[in-house]
Amino acid sequence: MSLLRCPLCAGPLERLEGTYRCPAGHSFDVAREGYVHLLLPNQKHSPLPGDDRDMVLARQAFLSKGYYQSLLYTICNQFLILPSEVPVVLDAGCGEGWYTAGVFQALRAAGKSPRMVGTDISKLALRTAARREPGIEFAVASSYRLPVRDSCADGLLNCFSPLALEEFRRVLKPGGRFVYVVPGPLHLWELKEVLYDRPYPNEDRQTPYEGFTYREIVPVDGTIRLERREDLQNLFRMTPYFWKTPKAGAERLAALDCLEVRTSFRVHVFEKDRG
């Protein structure tokens with residue numbers, strides 16, 4: 001039986017040849033790339049929601065060069081300590097699946113038999129994700145209406161994606177691990193100095209959430225040197241700055257051939273309360 005549930009009736013889905021089907025008879029075709037579309041038409045805010053093709057390609061090209069490898073290593077370590085030999089892990093807002101596949105492969109390399117689901121609102125992103133790692137179930141869906149069974153997940157990853165706490169509490173088992181990744185105060189500071197006349201640091205705070213207990217906050221700080229204009233532009237395109245930068249700032253960046261940039265992440269680790 002799949003970890004996914006029917007978005008229409010919440011019944012369990014079974015994956016058959018080329019389709020998912022629930023006991024009530026609702027069925028959903030599996031796309032050629034391997035993902036299933038479970039985002040209902042009334043849940044869409046646009047004809048093609050989520051990241052567009054250029055942003056997906058930029059992130060895929062940038063991440064594949066290992067610039068954020070230290071963050072991936074830290075994320076993987078948070079799931080490797082799950083006690084189950086068959087851990088169930090959900091990546092909510094998985095994008096093109098680089099972190100999702102990294103966690104899956106790390107668990108496999110540790111001798112475990114993970115079951116994983118990645119969800120994202122962008123169909124274009126999931127085309128890449130599903131091709132990257134066929135062993136993971138990928139579904140087009142909103143984090144605020146996760147098509148995932150209640151209390152099924154040992155761990156949940158939310159990396160630079162919407163914080164849908166009510167749904168995260170629903171799908172996690174009691175004691176389940178919730179890993180929430182956000183930018184640190186000086187993340188990409190030098191890039192922001194090029195783009196903006198008056199850049200400001202990101203917030204750096206500890207925020208408690210109902211139903212979860214804080215375990216730790218892991219800082220992941222470093223420096224990357226981008227020596228190709230292509231890499232600089234890919235980094236720019238995969239950030240929200242691409243949509244918010246004045247023309248003058250974008251032109252200043254386009255004129256650069258290389259740039260050394262600080263990276264700064266905060267990995268907030270929670271446990272779902274058992275009460």
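Which residues in α2 meet which residues in α3? I took this as the opening entry, working throughout from a predicted model.

**Entry 1: the α2 and α3 contact.** I located helix α2 at residues 69-80 and helix α3 at residues 98-109. From α2, I listed Q69, L71, L72, I75, C76, F79 and L80; they meet W98, Y99, G102, V103, A106 and L107 in α3. I found that the two axes come within 9 Å and cross at roughly 50 degrees. An angle from 35 up to 65 degrees counts as oblique, and α2 and α3 are therefore oblique to each other. I recorded the crossing of α2 and α3 as right-handed.

**Entry 2: helix α3 itself.** I counted 12 residues in α3, with 16 Å from the first C-alpha to the last, close to the 16 Å expected at 1.5 Å a residue. I noted W98, Y99, T100, A101, G102, V103, F104 and L107 as buried. Just after α3, I found G111 with a positive phi of about 90 degrees.

**Entry 3: Y99 and the cores.** I then asked which residues have the most contacts inside the largest nonpolar core. They are F62, Y68, I75 and Y99, in a core of 50 residues. Setting aside residues up to four places away in sequence, I saw Y99 touch L63, Y68, L71, L72, I75, D91, L157, C159 and F160. Apart from the largest core, I noted another of 32 residues, with L38, V117, L172 and F178 among them.

**Entry 4: positive phi outside glycine.** I looked up F160, one of the residues that Y99 touches. F160 is not a glycine, yet its phi is positive, at about 55 degrees. I placed F160 in the loop between β8 and α5 (165-171). Its relative accessible area is 38%, so I entered F160 as partly exposed. I also looked up S151, a residue other than glycine whose phi is positive and near 45 degrees. S151 lies in the loop between β7 (137-140) and β8 (153-159). Because its relative accessibility is 37%, I entered S151 as partly exposed.

**Entry 5: W243.** Is W243 buried or exposed? I found a relative accessible area of 57%, and exposed means over 50%, so W243 is exposed. I placed W243 in helix α8, residues 241-244. Leaving aside neighbours within four places in sequence, I recorded contacts of W243 with D52 and M55. I also checked W243 against L39: they are 204 residues apart along the chain, and their C-alpha atoms are separated by 25 Å.

Definitions and conventions
Residues numbered from 1 in each chain as written. Predicted model: local features only at pLDDT ≥ 70, side-chain atom pairs only at ≥ 80, totals over all residues. Heavy atoms only, no water. Core = buried A, V, L, I, M, F, W, Y, C linked by side-chain atoms within 4.5 Å. Buried < 20%, exposed > 50% of the residue type's maximum accessible area, 1.4 Å probe, protein only. Contact = heavy atoms within 4.5 Å. Helix = DSSP H or I, 4+ residues; strand = E, 2+ residues; numbered from the N terminus. Expected span 1.5 Å × (residues − 1). Axes fitted to C-alpha atoms, helices over the stretch in contact; angles between N-to-C directions. Parallel < 35°, antiparallel > 145°, perpendicular 65-115°, else oblique. Left-handed = near helix turned anticlockwise from the far one by under 90°.
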